[in-house]
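Me: Could you take a close look at one part of this structure for me? I would like a walk through one helix and its surroundings, with some of the wider setting added.

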Amino acid sequence: MHHSKLAKIATVAAFVLVACEGTIGGSGDTPAADMGPYVPPDCTEEGRALEGEVGAFLQTTCSHAGCHQPIGPRLPNFAAARLPELAASAWVSPGNPERDSILRRLDPEDPTEIMPPTRDANPPHAVEAYRAWVSAGAPTGCATPLDEPAPDPNAIPQDTLFACETPTVFEPSLARIGSHDFAHAIGGVLTRPALRASPLSTSPGPYSTHVAGASLDPATLSLHMDVLEASRDLNPWYARGWSEALNVRCITDDRNAVADIDDACRDEFVRELLRRSAQSREPTADDIALLREFLDEELSREVDGERRETLRYVTEAAFMMVGTLFQPRLGDPESGRLSSDEIAQTLATALSSHPASGMQNGHRPRPELAWLGAFRAAQADGQLDDIENVRAFIAQVFDPASGYVGGEFGADEEARADLQNDYVANRFHPTAARRGRTWLAPRLAAFFREYFDYGNVASLAKDDAGATSRWDLTSRGEGAMAGRGYLRSNISEGFAALRTGGSGDAGEPSLADQLDDTIARMVMEAERSGDDVFSALLTGGTFRTAGVPHGIQRPLGDACDPVFCDTDEGRSVANRDRCCANDSGGISPCVLIGIDEDGTPYGQCGSAHLDEWYQIGRVYDLPAPILDQPHLPITTGQTDTYLDRQRAIAADPAHAQRWVSYPADERSGVLTHPAWLASHGDSDENGPSAVLRGHWVREHLFCETVAGLDLVQLNAQLATGTEESRARDRMEMTFGPEEGDVRCANGACHAAMNSLGLPFEIFNHAGFLRVEDHGRAPDGSSVVTGWPGRGTVEVEDALDLSRELAEDPHARRCFLRHVFRFFTGRYETPADACVLGEMDAAFAGGSLFAALEALYSSDAMLIRQEADR
Amino acid sequence: MTKIQRTKGPALSRRRLLQGGLAALALSPVHRLVSAQAAPSRRFVFLLSGNGFDGSVLMSRATREWIPMNGGREVLDHVRWGDGYGAPRAYGASLRSPEVIDGDLTTASGLANLGPLASKSAVVLGLSSRVTGGGHETMHGLLSSTRTIAGAPSGRTLDHHLAQLPSVRGVGGSRTPIGAIRVGVHHSTNASITYDSCASGPGLALPTINSAQAAWDAYVGPLASADGAERIARRTRYLELARRDAQRTAPSLPPGSSRAQVATYQAAVEELLADQDRFGEVIESTRSSGLVLPARPEGELAPLEQLRAQCATVSVALRAGLTNVAVIGMGTGSGFHGFDYGFGALAGAQNHGLRHVFAAGNGEPTSAREDLRRDFRRVWREEIEALASIASDLEATPEPGGSGTMLDHTVLVYVGDNGAEHHASASEFPLLLMGGGEIGLRTGGRTIVYPDVFDGGAAHRQLTNLWLALGGPIAGERLERFGAANLEDPMPLPELLG
């Protein structure tokens, strides 16, 4: 053996003897050996392959978010490029595999000690390769390592992100437009399937705004062209009023021969196309010239009578241009200061995706609906020229009274402004009108929907949605199983209907829309009253509820017994007088209306599907279905209060009676709203909802990554249990001390999620409040472990947890980090500490809008600099 | 006068399936493009069955006899086979090596109509993919051997890997205009494009076109008419404008990410421009080939009709040389939920609820449940037959510039997107392989059973092992790692390599 190699091995081995107590997977400091790695004098092919295999195995297996990353919380760092450092550290025992700390975890005697904890065994070939590499002296320096994995932003200690030392610098950037921007710019609405298919909806980050650095790859570009083609019926130049308003009839009127369209007309058309639609800003001369050339070519190809097609083709070409697909935030080349044009665009993007023109297919320009239009006006007035004026204007924009960030629509208005561009009809739209009165600017609403991650609630399957709630009538009626299939099915179908709402004039806002409205009201009321927005989000108890869609409502008949009259089972045959006998001798559905004070369900005879649709509001525990047609009253068991509500809602679909304030022991904030609970719930009521919900809380309110979810290779399902097993029982069987299998039980994974999710067990998987849980009282108690800054915290249930979170400074700052991520379109770094600090100081007063004002009026945002300046 | 002929519909009758698509015997347009191709063509088609299928539909009589003799439960037609009953402990945990079972595959209920294609098919049982997780769907996990978290893929899928390979897509004059086409069927007509099956990398989902009409417009339309060809020419003009714009803009941007963004865009434009040229050549070649093109699907189609239409589009795309990789999703992701198959016990009800009925209980079946299970088996048989219609077309077409037929150069895979159960544990992914005899896939009408699917002993194998075979030696490339699965053996499956 080479002399220097022997010496190094001896030194490292000696070091290991005193330093091998460190635990892989822990976060303590571990001293490194004081010498470099052994570099073999000759790199053989065999040695190169072995080193490469070991480096790649360690990196792909261990160097993941939340684990052993370059800035990961756990030592050592297993990036392949750091293999020499690792080989020289105390973790590795060159030439002595039986003493090697890493090998002891890769191939442990005790299976619960295994690393990574997401496995029950490591591949034998990989273990043997590592053993061979250690036996050979852990040589490095021959293989070309893999690129280092992207660091996990959650691994950055939170305090360092708010400790301002060096002024934050935002670089000049291009922001690739998203699908909303695109749809609105081309004059469409997002209800149009062709536009909803835009590939610009994807972003490389966790939020739709994460477009910093994003571009278009061939697949995306190809699909973008498909979408342009599929939406060819959109041709705003022929929409009512456009040509006249923009003075381009000289070209849009196909009676004008191509030869008669002069240069001025052509230039004006191109300029307006770019300015009003594609780019929503004053185009550059180069852009005009380039598109003008294309226009000339297309006109030269034109066959008589095809002017519309020609202009549409030119419109499509405009949406292929760099200046259209990427919005510049470049700043002045010398000073770095954003131009007034870029400031207007930046502010508009913060609040909406509507272009300057408010261009809508089939309608006149609606500048009053366009945020950017207002900002352009400010630009034209010179308000965005001077930096101090800019800041004053930004303060005005984020003032809750300004009408930019949110507002209220009155009973005499057609519908909410923020929804207008996404609805085809320009008139009063019932579904839009049934939304809440309070609104947030679309991009703000999008932030909350993406942060709380409830937008997909309609697509998640929920088996037996009402199980264990007061609407689970399994054991009611005659016989233990009476009503089981019939009512369970109806409650589930009603919940499915709630999640999607309805469509067209008959529609009801979807469950996600209802949470949008609930959040908008929480935020705006807190902002106006000076209350704390973060606390309002986590403790607010006034929710916008669901009514039966207008088009579904039908007359109901006589009283009936909904439990007994199970049409599926034919129980009613011998007791027709208690059910809904119809003229043909059969049985019609009995619609469950409510449950009286002694727990007896009551109903009225209805027709097919009413028995399902009338259950649409059950997750809100409404005592009776909400109707808005006074001539169709529910007559069974109703009070004057109910009838007053029905009359009020009939007169005003957005009436305050649609809102319900819950007692503090039932609901508390967004995390107890059915949309959030269902979005983060399993498909079964005693499934692992707690894991999913705890995972969200850990990552979104503690800003900690749960390690290695992408590597889970165990039989990752809860133990089956018995009929009596609650979800928490199944979790105990799976993860508790008595568990039979290795299921990530060594503390690295589920300890971070489970205790944060168990408090939500007072709700079922679909967000219904449980009234019992497999024969026992609902139990949301939990001892939360690993609470940043507090260690162990006992909570009674989700309501208690929400209140604790609302007061928690770490959670509050974590929320602010997500605000930063969404609105800057990237992850935060320690270099952002000054801006984050300013946002934090502004947020201390409780106002989210103030925090956003701090972000958008910061020097970093307004004055761009290259990082190396 | 164009030589293109059109059929009046998807033309996917059983008769046509069995006869091997006589009309397709015309010389493939690929022949005209690749007359002197040095390397063999390698094509791949994946049909992903949303929410999985019952593995018993792939079991031949011989396999059904073998399973109970090797520690498994009896395979019964009226009993589901999935995770809860048969699959986990069925396949001889005591075996130390895979079992190869010969026997007529057409004795399996799902393969009854394969006809002569059966001898170029193989059934694979006992592969797991727990890294993908189970549940209703594994989304991108299936083809990437990673776990999709919160809808975001964790790795590239096999189709994307294959589409990037020169040995699959071709180089120079033999490069296909399109890397891969991804089409599907979704229960919601609003979900015309979804992003839940394929990915180019972590967080980078790729789109699937769920409208049979849109897929036809994109891939068959340009071949079918002058209007379609003009569409390609117009695209070229758009791309040329974008190229000039990017060339002009890039130098004026500050160095760093902004310039890199535009450079990426410019590279995409350049790649598509090259592909447009190739597309034009394919159009010219197709016009003189006599290739029979399916008529554009019209009107509202039932789910299986949509699938057949999508398969017809894929078949043309392969035979015309538009692409060598296709993914067909049949209700993948959440797309299976609302299917109304429109026949028998499945008519008028949502698929999701029916799947529960299918999966519920293993005791004495009610007649209603028996009817439902019978009709679901018909669904899966028809899915297989839709895929087989592509195989049949390819079998009837000599391989351009190579030996055998196009089927011999094409691997077709039928696999459930979550395994074998409505609420699956990802324990087993039964699958059917067809074709590929000339590019290294060994089928021969065999059933290969990998042991110990539940406990994962040393002889247990995973889907990743198959992906390593398809993405490696069968694709003509070296592939040592794929996905994040913890493999017992990181090698391709030798039992499937010729």
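Reply: Happy to help; what follows starts with the chain, settles on one helix, and then visits some loops and the contact between two chains. Please keep in mind that this is a predicted model.

Let's begin with the setting. Chain A has 869 residues, and 55% of them count as buried. Its secondary structure comprises 34 helices and 11 strands. If you take the contacts in chain A between residues at least 6 apart in sequence, 69% of them join residues at least 24 apart.

Now for the close look, at helix α2 of chain A. This helix runs over residues 45-62, which makes 18 residues. From its first C-alpha to its last it reaches 25 Å, close to the 26 Å expected at 1.5 Å a residue.

Which residues of α2(A) are buried? They are A:E51, A:E53, A:V54, A:G55, A:F57, A:L58, A:Q59, A:T61 and A:C62. As background for reading such a list, an α-helix has 3.6 residues a turn, so residues three or four places apart point the same way.

What do these buried residues pack against? Their partners are α3 (83-87) and α5 (124-135) of chain A. The second of these deserves a longer stop.

Two packed helices are described by the angle between their axes and the distance between the axes. For α2(A) and α5(A), the axes come within 9 Å and cross at roughly 125°. Because of that angle, α2(A) is oblique to α5(A). The crossing in which α2(A) passes α5(A) is left-handed.

At the level of residues, α2(A) brings A:L50, A:E51, A:E53, A:V54 and A:F57 to this meeting, and α5(A) brings A:A126, A:A129, A:Y130, A:A132 and A:W133. By class, that contact has eight nonpolar and two charged residues, with no polar ones. Several of these names will be familiar from the buried list: A:E51, A:E53, A:V54 and A:F57 are buried residues of α2(A), and they also meet α5(A).

Next, a backbone feature in the loop that leads to α5. A:P116 sits in the loop between α4 (101-106) and α5 of chain A. The peptide bond from A:M115 to A:P116 is cis, with omega near -5°.

Further along the chain there is another helix to look at, together with the loop after it. Helix α11(A) has 16 residues, which at 1.5 Å a residue should span 22 Å; the end C-alpha atoms of α11(A) are 21 Å apart, in agreement with that. Its buried residues are A:F269, A:V270, A:L273, A:L274, A:R276, A:S277 and A:A278.

α11(A) is followed by A:S280, in the loop between α11 (263-278) and α12 (285-301) of chain A. A:S280 is not a glycine, yet its phi is positive, about 55°. Is A:S280 buried or exposed? It counts as buried, because 29 C-beta neighbours lie inside 10 Å.

That loop between α11 and α12 of chain A also holds A:P283. A:P283 is buried as well, with 23 other C-beta atoms within 10 Å. Leaving aside neighbours within four places in sequence, A:P283 is in contact with A:R271, A:L274, A:R275, A:I288 and A:G323. A:P283 and A:V270, 13 residues apart in sequence, are 9.3 Å apart in space, C-alpha to C-alpha.

A:T468 is another residue with a positive phi although it is not a glycine, here about 70°. You will find A:T468 in the loop between α20 (442-452) and α21 (484-500) of chain A. With 24 other C-beta atoms within 10 Å, A:T468 is buried.

Finally, a look across to chain B. The contact between the chains takes 55 residues from chain B and 50 residues from chain A. On the chain B side, the elements giving two or more residues are β7 (193-201), β8 (204-209), α8 (212-224), α9 (226-249), α10 (257-287) and α12 (351-359). By class, that side of chain B has 24 nonpolar, 22 polar and nine charged residues.

One of those elements, helix α12 of chain B, contains B:G353. B:G353 is partly exposed, with 17 other C-beta atoms within 10 Å. The C-alpha atoms of B:G353 and B:G338 are separated by 8.9 Å, and the two residues are 15 apart along the chain.

Technical notes:
Residues numbered from 1 in each chain as written. Chains lettered and ligands numbered in written order. Predicted model: local features only at pLDDT ≥ 70, side-chain atom pairs only at ≥ 80, totals over all residues. Helix = DSSP H or I, 4+ residues; strand = E, 2+ residues; numbered from the N terminus. Buried ≥ 20, exposed ≤ 12 C-beta atoms within 10 Å, placed from the backbone. Contact = placed C-beta atoms within 7 Å. Nonpolar A, V, L, I, M, F, W, Y, C, P; charged D, E, K, R; others polar. Expected span 1.5 Å × (residues − 1). Axes fitted to C-alpha atoms, helices over the stretch in contact; angles between N-to-C directions. Parallel < 35°, antiparallel > 145°, perpendicular 65-115°, else oblique. Left-handed = near helix turned anticlockwise from the far one by under 90°.
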